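Thanks for passing this one along. Here are my notes, written so that you can follow them with the model open beside you.

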Amino acid sequence: MFVSHTLSKCLLIEFSPCPQARRLFTAMSEAATPLVRPKRKKVWVDYLVQFRWILIIFLVLPMSLTLYFLDYLREVKSRHKSYKQRQIKHDENIIKVIKRLKKRNPSKDGLICTARNPWVTVGMRNVDYKRARHFKVDLSAFSNILEIDQERMIIKCEPLVNMGQITRATVPMNLALAVVPELDDLTVGGLINGSGLEGSSHIYGLFADIVVAYEIILADGRVVRATKDNEYSDLFYAIPWSQGTLGLLTCAEIKLVHIKEFVKLNYKPVKGDTLNDLTKGYIDSFAREFGDDNNDDDEQNVVEFVETLIYNPHEAVCMTGSFASREEVMSNGNSMKINRIGWWFKPWFYQHAQTALMRGEFVEYIPTREYYHRHTRSYFWEVKLLLPFADQWWFRFLLGWMMPPKISLLKATQFEAVRNYYHDMHVLQDLLVPLHKVSDALEWAHQEMEVYPIWLCPHRLYKHPYKTMVYPEPGFEQERRRGDTAYAQMYTDIGLYYAPGPVLRGEAFDGSRAVSQMEHWLIENHGFETQYAVSELSEKDFWRMFDGELYEKCRRKYGCVGNFMSVYYKSKKGRKTEKEVQEAENAYLETAYAKLDQPTDY
Ligand SMILES: NC(=O)C1=CN([C@@H]2O[C@H](COP(=O)(O)OP(=O)(O)OC[C@H]3O[C@@H](n4cnc5c(N)ncnc54)[C@H](OP(=O)(O)O)[C@@H]3O)[C@@H](O)[C@H]2O)C=CC1
Ligand SMILES: C=C(/C=C/[C@@H](C)[C@H]1CC[C@H]2C3=CC=C4C[C@@H](O)CC[C@]4(C)[C@H]3CC[C@]12C)C(C)C
């Protein structure tokens, strides 16, 4: 099969009458070719996945609507309370958590984690540690915005406040979080203890980089406020990516920015022979040539929002956005270019952006809140697989207002078999890679996974005073490639979400193997994997990818060992055996990380 594939390609190159086509075929043959795989027989789970739309339409969508409504009522109730009343309730709830922690008997109650059900969360991991012995602490009452301080430009949030709630409260005041991760249901607690990013991360970094203070309850019940420069600064830097294994977060103070009513969005099509050509178009869309300007100057980031969607190895659309006031939009005939993409009947955002490939470059004005949540209705493009007809005009007009199905309900109604199918036959991964490695990463992903569309979102990775779990390449500040500054290296989130090419073609695909290979590629290339995704990493490799020095120091210093689970234990795939649970409970700091040769030149 491989021979005939190669042979036909050679013939095409040799005998094609058109020089342009010859060039294209030559380039294609030079680019990484996807592996040729044997055909796979359909099994019953394939049919379960194929006909899942029936359950979604008749059960999940109506239930989602009810939940959205209940959430809304809860939010309205909260809004009617003054900031002072909310703070009093918050303080009472803190006392309840401390009492609960004091009740725990470490020798028989298991390790502490939040009582949030695995299916309620946005992530794709199985959260297997919550299926084994553990000590639940209920934080469900911590779901209020405590204050919006327009003088300090800070919003004080409890951890279960979600992105939809924040934009509903702040956007009418012409304010927003400096980084607003796109999906409405993502929570402040999850984005801080894990990670989060979006189109403005090329300026502000990851979600945790815009936090100025954490309120944390430590294992012994002490409540501390950690900031960049107080006595808990080590804890401040260790919290991101720690997955709630250093303490319980009860409040975060987060940076706000001034915004305008509209985002002026430019859609630029990029076509090329190779993925490298598309990467070049992506980099050119936001990062100036080094030497054009002073790279340390934040003014270099003239656009507020950046994202690129790659639709296939030869076509991409690069989008850049900046804020626009109502006056600007209403003048010069710009009102004709307003696109209210939030209306239920509008085409899905990724499909709308794709029209730039036919229409050519264009500009439009999108209401800012609608822009922030542009990927929510179709979960990027994942809903296309769940409800294949939901992008059709008749569905959008009739039922589009019920979309999207809540992730929590999709998870609650997926059987174990469907969940495993997603691990084996689907890709849901984010690769954080240095900007100068994006092209290599895309070639690799094309060969091993062939997932399209691909989401590219640049983000700064800061060099902090402490070496955090995720950190830039040593020496990046001397090299200073495009997008880099003296204090941060430019990275890119490569979002791979969809059924891979081989699965769509009915060929064999081994999801676990592909993820494992991807993780090794990331380790070799100073990349990182986001922790909401399923991981195949061994403990040793986990600590080769993430740096554990500060984390372990804080685990010891703040009495986490024997009280909170370790971050690897939480990330590890598979149900925990009784032996593993006991080992985790009795663990003393003998991590695989300690046995590694750590780079010392940071
Ligand atoms: N645009 C983006 O950036 C996107 C990001 N994501 C990912 O989704 C995840 C967020 O999902 P979400 O459902 O909100 O969060 P989760 O409930 O999944 O929480 C993620 C982790 O954070 C811990 N955690 C959450 N709240 C607290 C708290 N108050 N105190 C201590 N630990 C806490 C959880 O601990 P425990 O296990 O004890 O519950 C868990 O380990 C993020 O990690 C992010 O990576 C997903 C999609 C988009
Ligand atoms: C990380 C980013 C965005 C990720 C989204 C595309 C995915 C995050 C969580 C994903 C999902 C969770 C659970 C699901 C239930 C399954 O039965 C079906 C799939 C899904 C809805 C799945 C879909 C993709 C996600 C929403 C970026 C922005 C950093």
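**Notes on the predicted model**

1. Let me start with a strand that has several partners. E4 and E8 pair in the antiparallel sense over 4 bridges, where pairing requires that DSSP finds at least two bridges between two strands. Strands here are DSSP runs (E, at least two residues), helices are runs of H or I with at least four residues, and both are numbered from the N terminus. Within this pair, Ile 155 has Ile 254 in E8 as its bridge partner.

2. A word on conventions before going further. This is a predicted model, in which local features need pLDDT of at least 70 and side-chain atom pairs count only at pLDDT 80 or more, while totals for chains, interfaces and linings use all residues. Residues are numbered from 1 along each chain as its sequence is written, chains are lettered from A and ligands numbered from 1 in the order in which they are written, and side-chain values use heavy atoms, with hydrogens and water left out.

3. What else does E8 pair with? Strand E5 (residues 175-177) joins E8 through 3 antiparallel bridges, with Leu 175 matched to His 258. E6 also runs antiparallel to E8, and 6 bridges join them; here Ile 217 stands opposite Leu 248. Strand E8 (residues 248-258) is mostly covered, with 9 of its 11 residues buried (buried means under 20% relative accessible area, exposed over 50%, and partly exposed in between, using a 1.4 Å probe and protein chains only).

4. Strand E6 (residues 211-217) has another antiparallel partner in strand E7 (residues 223-227), over 5 bridges. Glu 215 is bridged to Arg 225 in E7. The two strands make a hairpin with 5 residues between them, and Gly 221 in the turn shows a positive phi of about 90°.

5. Please look at Asn 162 too, in the loop between strand E4 (154-157) and helix H6 (163-170). Is this residue buried or exposed? Asn 162 counts as buried because its relative accessibility is 12%. Leaving aside residues up to four places away in sequence, Asn 162 touches Asp 184, Asp 185, Leu 186 and Thr 187 (contact means heavy atoms within 4.5 Å).

6. The record offers some context. UniPro​t, in an unreviewed entry, lists residues 76-259 as "domain: FAD-binding PCMH-type"; such positions are in the numbering used here, feature names are shortened, and annotations may be inferred rather than shown by experiment. In the model this span is 27% helix and 22% strand, and its end C-alpha atoms lie 24 Å apart. The unreviewed UniProt entry also places a "transmembrane region" at residues 51-70. That stretch is 95% helix and 0% strand, with 29 Å between its end C-alpha atoms.

7. Another sheet deserves a look. It is open, has 8 strands in the order E12-E9-E11-E10-E14-E15-E13-E16, and its pairing is antiparallel. Strand E12 (362-367) and strand E16 (528-529) are the edges, each pairing on one side only. E16 runs antiparallel to strand E13 (residues 427-434), joined by 2 bridges, and Leu 431 has Glu 529 as its bridge partner.

8. On aromatics, the structure holds 33 pairs. Rings of Phe, Tyr and Trp (its six-membered ring) pair if their centres lie within 6.5 Å; planes under 30 degrees apart count as stacked, over 60 as edge-to-face and the rest as tilted. The Phe 542 and Tyr 568 rings are edge-to-face because their planes are at 65°, with centres 5.4 Å apart. Phe 542 lies in helix H23 (residues 539-545) and Tyr 568 in helix H25 (residues 567-571), so the pair ties together parts that are 26 residues apart in sequence. Both residues are buried. One aromatic cluster includes Phe 542 and Tyr 568, along with Trp 241, Tyr 471 and Trp 543 among its members.

9. Two arginines sit over rings (CZ of Arg or NZ of Lys within 6 Å of the ring centre and within 35 degrees of the ring normal). The charged end of Arg 100 is 4.0 Å from the centre of the Phe 135 ring, and Arg 374 lies over the face of Phe 349 at 6.0 Å from the ring centre.

10. Finally, the overall tallies. The protein has 26 helices and 16 strands, and 58% of its 602 residues are buried. Of the contacts with a separation of 6 or more, 77% are between residues 24 or more positions apart.
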